[in-house]
Amino acid sequence: MVELDNQKEEPIPSDYNEDSDDSDSTQHSDESDFEDSSADKDGDSSSGSSDSDSDSKSELEDGSPAQDNSGDSEDAESQDEDDVKSEGGSEGSDIHQEGVGGDESDSSEDEVAPRNTIGEVPLKWYEDEPHIGYDIKGKKIKKKEKEDKLGSFLANVDDSKNWRKIYDEYNDEVVELTKDEIKIVRKLMKNQAPHTDFDPYPTYVDWFKWDGAKHPLSNAPEPKRRFIPSKWEAKKVVQYVRAIRNGSITFDKPKEEDDAYLLWEDDSGLTEKANHLAYVPAPKQKLPGHDESYNPPLEYIPTQEEINSYQLMYEEDRPKFIPKRFTSMRSIPAYENAMKESFERCLDLYLCPRVRRKRLNIDPESLKPKLPNKKELKPYPITCYIEYKGHEGAVTSISVEASGQWMASGSSDGTVRVWEVETGRCLRRWEIGEAVNCVTWNPLPDIHILAVSVGQDVLLLNTGLGDEEEQQRIKELLLVDSPKASEETGKKAPSVSWLKDDKHDGIRLRHLKTVTSVEWHRKGDYFSTVMPAGESRSVLIHQLSKKLSQKLPFKLHGLAVRSTFHPSRSIFFICTKKTVRVYDLLKRKLIKTLYTGLKEASSIAVHPGGDNLIVGSKEGKLCWFDMDLSAKPYKTLKCHPKDINNVVFHRSYPLFASCSDDSTAYVFHGMVYSDLNQNPLIVPLEILRGHANSNGRGILDCKFHPRQPWLFTAGADKLIKLYCHY
Amino acid sequence: MGKHYRPAGKKKEGNAAKYVTRTQAIRLLQISLPLFRKLCILKGITPREPKKKFKGNDKTYYHVKDIAFLHHEPLLEMHRAIRVHERKIKKAEAKKNVERANRLREKTPKPKIDRIIRQRYPRFVDALGELDDCLTMVHLFATVPATKEKKIDVDLIHKCRKLAHEWQAFIARTHRLRKTFVSVKGIYYQAEVEGQTITWLTPHALQQVVPDDVDIPTMLNFLQIYQPLLGFVNFHLYHSINLKYPPLLDPELEAEAAEVYGLIRYAQSNNKPTILETSELVESEQLESKQDGPEIQNKKSELRLAQLQHQLPSNEPGALMHLVEKAAGEDGEEYDDETKQCKNLFQNVKIFLSREVPRESLHFVIPAFGGMVSWEGEKAPFAETDQSITHQIVDREAQGHRFLSREYVQPQWVFDCVNARIILPTENYMVGRIPPPHLSPFVDYGEEGSYVPDYAKTIKHLQAAARKEVLPLPGVEKDLEDPQNLLAEGIIDRAAANQAAKEKQKLMILEKQYHEDLKKELQGATYTSAGSTEVIQTGESLNNGQANIDDVDMAELVMPNKKRKLLKAMEISNQRKQSKNDTIIRRKKKLDEAQNQRS
């Protein structure tokens, strides 16, 4: 049965190999020999090599398991089998040669009759047997001893050719594939012809040689159609022509080059743009200066230090273009920002709103207003004429007597002095013992009374000037029936008490809070005091003849700073921090509120005409109000960098002045015209310097001489100065 | 609904009624932002600045009328059609119908720009007035590399090149060029056409790099209007001097990269309408053919043929009279004084260009000022060996073989001569030397306090010298050059002497004043003792300085806030200018000191 099987098997491969050539077979035999030898050299297993071919084939062909009986022990046998194989090669020539035919590998398997002759039977049958089958002589082929798995694995790992090895179950042996076989396997996997020598695209070799042939291949005459125009084509053409004529076929128009033509043929009449909106042409780009030259003068090239200093600048301040110098034109490189700058220009052109802006190509001097010549506005105080020395502290306040012969001053050293104006002689001196806030002389020329505010008190002092008759009157005025006064004040104005001051021979008005300023009415009978912290009683009006005090019957909005009387009418001004409130004292009502727009007003003065007033502020601004005009300043002058301490009008000359902590006093010409249509003329005239700054305070007070255009200034540097017009 | 429907919430009057924001505009026009931008570029519509920005400061505002103007624009419809067409192409491509796609691509509708140009620039002068940016852009794109990924087309660049050359040829032919300036950024040219001053920048003849942060489509949008604009302008200009517009260009000259020269020659040869000219032409042709040998005769260029064809009708008796009249008219009226001056600057100069000099710009500049120019090349009008060449422009370390009959100068000489309008002495510009500084002709020294570089003064002296003396005889100009040099130097000396004398005079005057002042003071002092009225005067005279300072302050006191701020701003800007000037003067001083030390 086994035999039969074997024989059955044989025809199959032989069929398969029938087409094969002789040459191939011989070639193959050589190769196979060679393989054998190589296998021998390997020395791994002599038999393996010989059988490898067949095994590989069997695997490739059907992959059906086949058992082999050859064992390790039977090396000798295997050698025999080799012999057998070779014999088979020579003897069974038919089989051999045919078998070699198709492919190397195929043939090699078939020519060598398989060692095992059991045929195509399930290998299961031999599972339990000690042998795998029978060789050609009928001997049993014994199974090889199985290696333990670990050993085989280690062997496999060590063996570099492991990947070529395949276990053949049929013959029970390990087969190593040769390189050629692997090539074949690979080719098969790619669906290519397995044989390496097979060329799928051979160059075509024409069997007929054309060149040199005299006669045509065919002797047939030229067909008519070659030289007669085609009837059908002609018909087709006619069809097309008709179609074109009918317009059923249209052609693409030739590509039109939009050529230039005379676009502005006649534009002489045109003046207006079609677009009726205002058209603003794009501004032209700035023309380059010397610094952009490729070879600028040396002085245009920044030094290395300067270039380094550019790095420290802010990005926007940094110069965009740094001049460079090239010594010849050939060395100019391409400008790397050319595209970028062009692009930026494009962006400007279509993204920037265009606005026509008047370029002020004017002299900055022309912006300044034309002031009238100062010489025409003379006289005004110019130079320091006399200095009054004597105070040991900052002079806080000064006042000039109505006749202009005497001047009183109060200082922070606690003294009040009276000076003779023209000589600078100190006439009298009162030790009050407390810093003097304000000194004011009674405006009447025959009543020589000084009002001095010291802390919470206001002192009325008799200066002792004037003839005896006058002195008599003054003494009568200053006579106080003290208990009576206290009773009276207790009823009406408890905030103030009229006391007799024996030490200085005068009256002491005791207030509740610190009094900052005292202001006389023009008739010399009334005077007002301001206590900024006094809340509802911050402004009081006192009557000297009746020794009466009363508070204002108005509600004040804001902190009172100063107060002053109208020079001719019964109108009273109270300057609060932000506004000036104007009251009619007879009608007892508010007339007007003037809004200064200042942060903190510090002083106020009323023009002798009564319709204009100025307010000085702590931020150094000076506001001129024309009360007929509006409630807002007619003009605001920003002249002082520091606080303004006082502002003052001259009684007869068109002058006003301001003094400030920056140790300067400004003298202005302030002309008010009787014509109501004409605005007041304000001209700054002179800056009076000379006072020194002490403890951050400069000039604390300034007053005009009642008759002469002279200005007294009281400085924090203990000096009083008189500025004259010559 | 009333006569005009106003949507609810739309304002009747005021800024909100007059202006719309960009988003509103786009929504109204129903187009995409890129298309809106493109239309704005083409139509020249810019945002506007309403007095009150009712939607916030960060918005861009357009005038309602501008938007309405866009709304009625046929271009809008055209772009819609283009979009539809693009969709068709896309579809054909998606179906792999390449043939149809290609056919469609060819048939893409192209917007016509001429009407828009006419709208934007109703008069030719308007177009000329705004040609600066156009020219700069076209000249820039003539040097840009064509790249596929940036969609810069080769044709576009060639067109730009062509237009630029045509423009230059016209300017050179009519001698309208006024100023040139070689800067690091490129070469600036200034021309005067029909009373309009046109300045443009051409990049150096090197390949430009296209940076990535530049949005090329925007620039191409601009080119889309600039190219036809320049085409129309060129047409108009060529038409005005009786030339056929797309000028025929000798292909060989084009190959030699001497297009400008070719165009100028074309313009000149076509523009000689008299009878004499024809004979002259023939003569010159003969001459040329003799010079250049048989080679040129064989290759009768297209140009020559065109010239002859153009000339033929002028030989007909009927046309003759007309042409002569025209010629007479042209010679008489066309050139104003400045143009004449420009035309005659290089009249007697024959210049040969070496290989390494920037040929394109010199081909433009030299003929524009009436010079003859040649170069090393096949179609060059005369060879290097020509004995009549007066100057050779060379830009190398050293010149090997020298002809004694000519001057070897650096290219800067040409530009400086042009700016100074005189032929400058060449000794500073010799080969191998570092040339004197190249100064910008655009700087106005008239402004007081501006810094004047030394070389500008030298040139001024030279100009004065050239003006005062009778111009040297044209025939002997070559020989005269050196004496002219000497003369110029002499004049510089003289000028220096003049200055010194002036300074002396000034000193004298000052001294006198000082003495007088002293006297016055003395008198014043004497008077003080005498009378009180005079005291004031002396005080014043002593206080004068102080008073002046006060004066300044006083005026500022009375100024309104607004004006005061303006004044401050002006002062600051003046100070900045002054400080710039000062740094330059300081550097100059340092340099001078260093030089003195060295010497």
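A crossing of two helices is left-handed if the near helix is turned anticlockwise from the far one by less than a right angle, and right-handed if clockwise. Both kinds of crossing are described below for chain B. The model is predicted.

## Overview of the two chains

The table sets out the make-up of each chain.

| Chain | Helices | Strands | Residues | Buried share | Source of values |
|---|---|---|---|---|---|
| Chain A | 15 helices | 33 strands | 726 residues | 38% buried | computed |
| Chain B | 24 helices | 9 strands | 599 residues | 29% buried | computed |

Contacts between residues at least 6 apart in sequence can be split by their separation. In chain A, 53% of such contacts join residues at least 24 apart. In chain B, the share that joins residues at least 24 apart is 62%.

## Helix crossings in chain B

Helix H5 (residues 74–94) and helix H6 (residues 98–106) of chain B have axes that come within 8 Å and cross at roughly 165°. That angle makes H5(B) roughly antiparallel to H6(B), because angles over 145 degrees are counted as such. In passing H6(B), H5(B) makes a left-handed crossing. On the side of H5(B), the contact is made by His85(B), Lys88(B), Ile89(B), Ala92(B) and Glu93(B). H6(B) contributes Arg100(B), Ala101(B), Leu104(B) and Arg105(B) to this contact. By class, the residues of the contact of H5(B) with H6(B) divide into 4 nonpolar, 1 polar and 4 charged.

A second crossing involves helix H3 (residues 33–43) and H11(B). Their axes come within 9 Å and cross at roughly 30°. H3(B) and H11(B) are therefore roughly parallel to each other, since angles under 35 degrees are classed that way. H3(B) passes H11(B) in a right-handed crossing. Here Lys38(B), Ile41(B) and Leu42(B) of H3(B) meet Asn221(B), Phe222(B), Gln224(B) and Ile225(B) of H11(B). The residues of this contact comprise 4 nonpolar, 2 polar and 1 charged.

H11(B) is followed by a loop that leads to helix H12 (251–255) of chain B, and Leu249(B) is found in the loop between H11 and H12. Leu249(B) has 20 other C-beta atoms within 10 Å and is therefore buried, the cut-off being 20 or more. The C-alpha atom of Leu249(B) is separated by 9.5 Å from that of Arg265(B), a residue 16 positions apart from Leu249(B) along the chain.

## Contact between the chains

Between the two chains, 91 residues of chain B are in contact with 66 residues of chain A. Helix H11 (residues 216–240) of chain B gives the most to the side of chain B that touches chain A, with 10 residues. H11(B) thus appears both in this contact and in the crossing with H3(B). The residues on the side of chain B that touches chain A divide into 47 nonpolar, 21 polar and 23 charged.

## Strands E7, E8 and E9 of chain A

In chain A, strand E8 (residues 415–420) pairs with strands E7 and E9. Strand E7 (residues 406–411) is joined to E8(A) by 5 bridges, and the two run antiparallel. Gly410(A) stands opposite Val416(A) of E8(A) in this pair. E7(A) and E8(A) form a hairpin with 3 residues between them, and Gly414(A) in the turn has a positive phi of about 85°.

E8(A) is also joined by 5 bridges to strand E9 (residues 426–431), again in the antiparallel sense. Val418(A) has Arg428(A) of E9(A) as its bridge partner. The hairpin of E8(A) and E9(A) has 5 residues between the strands, and Gly424(A) in its turn has a positive phi of about 85°. Of the 6 residues of E8(A), 5 are buried, so the strand is largely enclosed by the rest of the structure.

## An open sheet in chain A

Further along chain A, 5 strands form an open sheet in the order E10-E11-E12-E14-E13, with antiparallel pairing. The edge strands are E10 (436–441) and E13 (497–501), each of which pairs on one side only. Neighbouring strands of the sheet are turned by 20° against each other on average, direction ignored. Within the sheet, strand E12 (residues 457–462) and strand E14 (residues 506–510) pair in the antiparallel sense over 5 bridges. Val458(A) stands opposite Leu509(A) of E14(A).

Note on methods: Residues are numbered from 1 along each chain as its sequence is written. Chains are lettered from A and ligands numbered from 1 in the order in which they are written. This is a predicted model: local features need pLDDT of at least 70, side-chain atom pairs count only at pLDDT 80 or more; totals for chains, interfaces and linings use all residues. Two strands pair if DSSP finds at least two bridges between them. Helices (H or I, at least four residues) and strands (E, at least two) are DSSP runs, numbered from the N terminus. Axes are lines fitted to C-alpha atoms, for helices over the stretch in contact, and angles run from 0 to 180 degrees between N-to-C directions. Two residues are in contact if their C-beta atoms, placed from the backbone, lie within 7 Å. Ala, Val, Leu, Ile, Met, Phe, Trp, Tyr, Cys and Pro count as nonpolar, Asp, Glu, Lys and Arg as charged, and the others, Gly among them, as polar. Angles under 35 degrees count as roughly parallel, over 145 as roughly antiparallel, 65 to 115 as roughly perpendicular and the rest as oblique. A residue is buried if 20 or more other C-beta atoms lie within 10 Å of its own, exposed if 12 or fewer, and partly exposed in between; C-beta atoms are placed from the backbone.
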